[in-house]
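Welcome! Below is a short tour of a structure that may be new to you. Take a look at it first, and then read on.

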Amino acid sequence: MTKVLTGSYYSTSSSKKMLHLRPMKFLILAFFIFSMITFKTSISFSKTYSLQDVAATLESTYKQPFKNNHNLELKINLNQEEPLYFGGANLNNGVFEINVGADILTLPAMTTDAATLILCHELGHLLSGGAKKPNSTWASTEGQSDYFAATDCAPKIFSQMADSPTTPMSARIIAAGQALIEAIYIFMDVPQMPRPSISRREALTEPGTSVNYPTLQCRLDTFVDGAKGIAAPLCW
Ligand SMILES: [Zn+2]
């Protein structure tokens with residue numbers, strides 16, 4: 001009886017061991033593969049991008065369309081003389097040059113993605129169409145350029161510059177918009193102005209009212225709506 005039970009016990013046990021052997025091997029193999037994927041993932045997504053990386057990606061993305069569609073050279077200059085310059089663009093002798101401060105990433109609240117939005121905004125002055133600024137034949141309005149940055153340019157650049165962990169595109173654009181507006185708000189040092197927030201919205205105005213800079217809240221609303229793929233807010 002005991003023998004049978006013992007035998008039965010051992011045989012059950014060894015058959016269990018046999019049964020578990022393959023799944024165990026499979027688990028070890030799966031874990032090994034998973035580790036490799038995780039390891040590879042952590043290598044490819046843990047890169048911290050510099051302003052130079054952003055500029056190079058923007059140049060390589062838009063260089064050819066610029067040449068083909070506008071017959072212009074695209075140049076991005078990281079300005080050493082004004083290292084905290086928030087961005088500007090000019091068009092001279094067939095060259096469209098974007099300028100941004102070389103040390104812009106050192107500003108409080110500024111992020112690489114927010115700096116990408118700055119460059120995209122400058123690009124938008126030439127590419128976004130719509131109403132032009134009063135004294136310019138080529139520069140689209142500020143609001144139009146922000147909307148272009150969020151809807152067209154940022155998705156193209158961010159998709160080539162993965163972050164860690166990988167964030168959904170719309171959330172990433174909203175976060176970039178929040179960081180940029182917060183950085184400008186801090187830089188402006190205007191504590192009497194309400195802090196722009198995604199939990200508020202700018203009051204609506206007649207479309208086309210503002211060709212210059214909209215309020216910071218309106219600019220944030222524009223980035224948020226652009227990120228969501230909906231029409232630009234009626235605050236500029
Ligand atoms: Zn502008």
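## The core and its main helix

The largest nonpolar core has 43 residues, and those with the most contacts inside it are A115, L117, L119, C120, L123, A154 and L180. Such a core is a set of buried Ala, Val, Leu, Ile, Met, Phe, Trp, Tyr and Cys residues joined through C-beta atoms within 7 Å. A residue is buried if 20 or more other C-beta atoms lie within 10 Å of its own, exposed if 12 or fewer, and partly exposed in between, with C-beta atoms placed from the backbone.

Please keep in mind that this is a predicted model: local features need pLDDT of at least 70, side-chain atom pairs count only at pLDDT 80 or more, and totals for chains, interfaces and linings use all residues. Residues are numbered from 1 along each chain as its sequence is written.

Which helix gives the core its largest share? That is α3, with nine residues. Helices (H or I, at least four residues) and strands (E, at least two) are DSSP runs, numbered from the N terminus. Of the 16 residues of α3, 15 are buried, so the helix is mostly covered. From its first C-alpha to its last, α3 reaches 22 Å, close to the 22 Å expected at 1.5 Å a residue (the expected span is 1.5 Å times one less than the number of residues). One of its neighbourhoods is that of A115, which touches L51, V54, I104, L105 and M110, not counting residues up to four places away in sequence; contact here means C-beta atoms, placed from the backbone, within 7 Å.

## Where two helices cross

Helix α3 (residues 112–127) packs against α5 at an angle of about 85°, with their axes 8 Å apart. Axes are lines fitted to C-alpha atoms, for helices over the stretch in contact, and angles run from 0 to 180 degrees between N-to-C directions. The two helices are therefore roughly perpendicular to each other, a label for angles of 65 to 115 degrees. On the α3 side, D113, A114, T116, L117 and I118 take part, meeting residues of α5 that include R172, A175 and L180.

## Positive phi values

Most residues other than glycine have a negative phi. Here are two exceptions, both in loops:

| Residue | Phi | Loop | C-beta neighbours inside 10 Å |
|---|---|---|---|
| N93 | about 50° | between β2 (88–92) and β3 (95–101) | 6, exposed |
| D189 | near 55° | between α5 (169–188) and α6 (216–228) | 7, exposed |

Conventions: Angles under 35 degrees count as roughly parallel, over 145 as roughly antiparallel, 65 to 115 as roughly perpendicular and the rest as oblique. Two residues are in contact if their C-beta atoms, placed from the backbone, lie within 7 Å.
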